[in-house]
Amino acid sequence: KTMLSGHYREDRQARENRIRKIGQGRVVDTFIVDKGHPNGAERHEVTDRAIVIIYNARTNKLITKLIARPNQIRRYYEAENRVTPNDILQLAYEHTKKNYNA
């Protein structure tokens, strides 16, 4: 069973419900992101449904899930000089047009 952060458990149920409707998809790429947070680096998992699942890299605690915008997806890949998968980018664009990430 995944451990949930207090933030996710308390603040993110509406988003989680929308993600359930969209479908979380399967993880296709993982990126380690270090923003200098006191709790350490994060593991950002990008799914084939343009959902980003974020965990604490050390504790594996789920921090949050995002319905990604195209630029969010693009930044992960560009940071590693990789080609951004167009199908995931397109899906992120569709989610944005439907205002799913508001």
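Helices here are DSSP runs of at least four residues, numbered from the N terminus. With that in hand, a quick tour of this predicted model can start at the end of one of them: H2 is followed by Gly23, which has a positive phi near 100°.

**The sheet**

Let's turn to the strands. Four of them make an open sheet in the order E1-E2-E3-E4, and the pairing is antiparallel. Strand E1 (27-33) and strand E4 (62-67) sit at the edges with a single partner strand each, so one side of each has no neighbour in the sheet. From one strand to the next, the twist averages 20°.

Here is how the pairs line up, with one facing pair of residues for each.

| Strand pair | Sense | Bridges | Residues facing each other |
|---|---|---|---|
| E1 and E2 (residues 42-47) | antiparallel | six | Val33 and Glu42 |
| E2 and E3 | antiparallel | five | His44 and Ile54 |
| E3 and E4 | antiparallel | five | Ile54 and Thr64 |

Two of the connections are hairpins. Between E2 and E3 there are three residues, and Ala50 in that turn has a positive phi of about 60°. The E3 to E4 hairpin has five residues between its strands, with Asn60 in the turn at a positive phi of about 65°.

E3 is well tucked away: six of its six residues are buried. Which residues lie on its two sides? Ile51, Ile53 and Tyr55 are on one, with Val52, Ile54 and Asn56 on the other, and both faces are covered.

Thr30 belongs to strand E1, and it is partly exposed, with a relative accessible area of 39%. Setting aside neighbours within four places in sequence, Thr30 touches Arg43, His44 and Glu45. Thr30 and Tyr76 are 46 residues apart in sequence, but their C-alpha atoms are 9.0 Å apart in space.

**Helix H2 against the sheet**

Helix H2 (residues 13-22) packs on the sheet, where it touches strand E3 (51-56) and E4, and its direction makes about 60° with that of E4. Which residues of H2 are buried? Glu16, Ile19 and Ile22 are. These three cover an arc of only 120° around the axis, which puts them on the same side of H2. That fits a familiar rule: an α-helix has 3.6 residues a turn, so residues three or four places apart point the same way. On the face turned away from the buried side, H2 carries the exposed residues Ala14, Arg20 and Lys21.

**Two nonpolar cores**

In soluble globular proteins, nonpolar side chains tend to be buried together. In this model, the largest nonpolar core has 14 residues, and those with the most contacts inside it are Val46, Val52, Ile73, Tyr76 and Tyr77. E1, E3, helix H3 (70-79) and helix H4 (86-97) are the elements that give two or more residues to this core. Which element gives the largest share of this core? That is H4, with four residues.

Val46 has a long contact list, again leaving aside neighbours within four places in sequence: among its partners are Val27, Val28 and Phe31, along with Ile51, Val52, Ile73, Tyr76, Tyr77 and Ile88. Apart from the largest core lies another one, of seven residues, including Ile19, Ile53, Leu62 and Ile67. Ile19 is one of the buried residues of H2, while Ile53 lies on one of the two covered faces of E3.

Terms used:
Residues numbered from 1 in each chain as written. Predicted model: local features only at pLDDT ≥ 70, side-chain atom pairs only at ≥ 80, totals over all residues. Heavy atoms only, no water. Pairing = 2+ DSSP bridges. Axes fitted to C-alpha atoms, helices over the stretch in contact; angles between N-to-C directions. Contact = heavy atoms within 4.5 Å. Buried < 20%, exposed > 50% of the residue type's maximum accessible area, 1.4 Å probe, protein only. Arc of directions from axis to C-beta. Core = buried A, V, L, I, M, F, W, Y, C linked by side-chain atoms within 4.5 Å.
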